[in-house]
Amino acid sequence: MRRTIAVVSAGLRQPSSTRMLADRLADAARRELEQLGAEVDVEVIELRDHAHDLVNNLLAGYPSEELKRVHETVAGADALIAVTPTFSASFNGFFKMFVEVLDDTALVDKPVLVAATGGTGRHSLVLEHALRPVFTYLHAVVVPTAVFAAPEDWGAGDTAESSLVHRIDRAAGELAREVDRRDKPTHTDPFDNPTPFAHLLGAE
Amino acid sequence: MQFGIFGVGDVVRDPVTGRMPSEHERIKAVLEYAKLAEDVGLDVFAIGEHHNPPFFPSSPTTLLGHVAARTDRIVLSTSTTLITTNDPVKIAEDYAMLQHLADGRVDLMMGRGNTGPVYPWFGQDIRNGIALAVENYDLLRRLWREEVVDWQGKFRTPLQSFTSTPRPLDGVPPFVWHGSIRSPEIAEQAAYYGDGFLHNNLLWPKEHVQRMVGLYRRRFEHYGHGPADQAIVGLGAQVFMRKNSQDALRDFHPYFDNSAAYGHGPSLEETMKRTALLVGSPQEVIDRTLAFREYAGGDYQRQLFNVDGIGVPRKTVLEQIEMLGEVVQVLRKEFAVGRPAHVPDAPTHASLKAAATEGK
């Protein structure tokens, strides 16, 4: 089956270690899914490219044409990899804006891998305290392993069980298995199938 | 086809002069706009309903009753009447009364209202918005159509042996439009009853308007009121005109940039591209308006223009209405070209009365 992984990176600079982590996770997820027999497309979304559109979406209530395509990519994907830098002990504003403008049903039952970068490993629980609850609230299926990359992780070897490479592989494996046991996401359009009025009249 | 103006009666500072009008000035100015709209040949004047600042129209039938006494021809309508937080019994009474005062020149547009706290202020809950619109409107229809009503529902006190007075003029209830920017349920409601559906065509992009109107037309046919192209569709637009389009853009920019609805988001140019905000020369406004048919599923029945709001001063609004009078003369001619004979006009008291007599 053909599968799509949407990858959202909220890094601000280029090059960005957040994007680097996102790419490592995407590669690993692709490999794991291919091992399960899927053909995989990866769609990377750099939120920086949509910065002004995100603000405009919040203010106007509707997305620009370009941002609308991003919404559709995320909603239609089989899985989402969401990566943010840690700012002031949480996800950055960009990242939260993106989550806020998504349709509130876009992530229902969607496998999501959360990941973050930060200036020190002492921030790593941002994943558990900030990211995981937001996606749980949106009824996404957040895989158990969340991946945090501190500066020292980029200079560490890959032999230890706790190394970044191992954590990436474990998380990607969990994501691939969640995708594999699901059908492709379906989208019910209320304009195609409106609730019949008799039902609305009788609705409690 | 009907053309008119609609507004929501906001009381806000003119960002160009810094001048803040009083509520009294604004109320008096809006009466003047209604009278001028009739004088320049427009067909409809509609005012919204709000129960929170900066808006003054908490009591639309009082205002429209006054307009009725000062005009002879123009149809009085609302943009919108809150079907959620008003008691449907009071709507039935107030608008039947207005209908008598105005000799039938009345219709109204139902809306839910999106100001959260207004619901609890009137004893309701915004989360019941759709359910309130459905139940209240169903009762309203019965109050106008049945002499004696026994009724029980979820949101108001039950009624036993209730008669809403005055009875609708000539036994013909006012025609009802339903307005909604986003909710397919409201397009469905309008279709179910064979009522009109009006999209304000503003604030959300035209592809979305197309989907809402498309759903309404399709379901209108589904419920057996006639083919989809005979459904009763209205559209809004916002207009600011100068002789030259550059002058229009220059003069409108400060109002747009400082407005509560538009300011600091997508640019004026982007908003013009995606919504029915029409800023330019009269000819540009004519061309853009004629093109609404491309996404409204073809010919439609009512076109309302917003000219008053976001701090535009009285003198400018009066100029806009004068220009609109000329623009509408052209639009009438152009919209009539190639309009299929089976596409109906918007119902009026006279046409509904004739249909009722025929039905008997």
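Me: What makes strand β3 (residues 79-87) of chain A mostly covered?

Reply: Eight of its nine residues are buried. That label needs 20 or more other C-beta atoms within 10 Å of the residue's own (12 or fewer is exposed, in between is partly exposed, with C-beta atoms placed from the backbone). So eight residues of β3(A) reach the buried cut-off. Bear in mind that this is a predicted model: local features need pLDDT of at least 70, side-chain atom pairs count only at pLDDT 80 or more, and totals for chains, interfaces and linings use all residues. Residues are numbered from 1 along each chain as its sequence is written, while chains are lettered from A and ligands numbered from 1 in the order in which they are written.

Me: Why is β4 (residues 90-91) of chain A called a strand?

Reply: Strands are DSSP runs of E with at least two residues (helices are H or I, at least four), numbered from the N terminus. Residues 90-91 make a run of E that just meets the minimum, so the name fits.

Me: How do you know that β3(A) and β4(A) pair?

Reply: DSSP has to find at least two bridges between two strands. These have two, in the antiparallel sense, so they qualify. F87(A) is bridged to S90(A). The two strands form a hairpin with two residues between them, and S88(A) in the turn has a positive phi of about 45°.

Me: Which other strands does β3(A) pair with?

Reply: Strand β1 (residues 2-9) of chain A, parallel, over five bridges, with A6(A) opposite L80(A). Strand β5 (residues 111-117) of chain A is also a parallel partner, over six bridges; there P85(A) is matched with T117(A).

Me: What makes a set of residues a nonpolar core?

Reply: They must be buried Ala, Val, Leu, Ile, Met, Phe, Trp, Tyr or Cys, joined through C-beta atoms within 7 Å. The largest such core has 91 residues, and V239(B) is among those touching the most other members. α5(B) gives the most to this core, with eight residues. A second, separate core of 56 residues includes V7(A) and A79(A).

Me: How do you know that residues of chain B are in contact with chain A?

Reply: Contact means C-beta atoms, placed from the backbone, within 7 Å. By that rule, 18 residues of chain B meet 13 of chain A. α6(B) gives the most to that side of chain B, with five residues.

Definitions and conventions: Contact = placed C-beta atoms within 7 Å.
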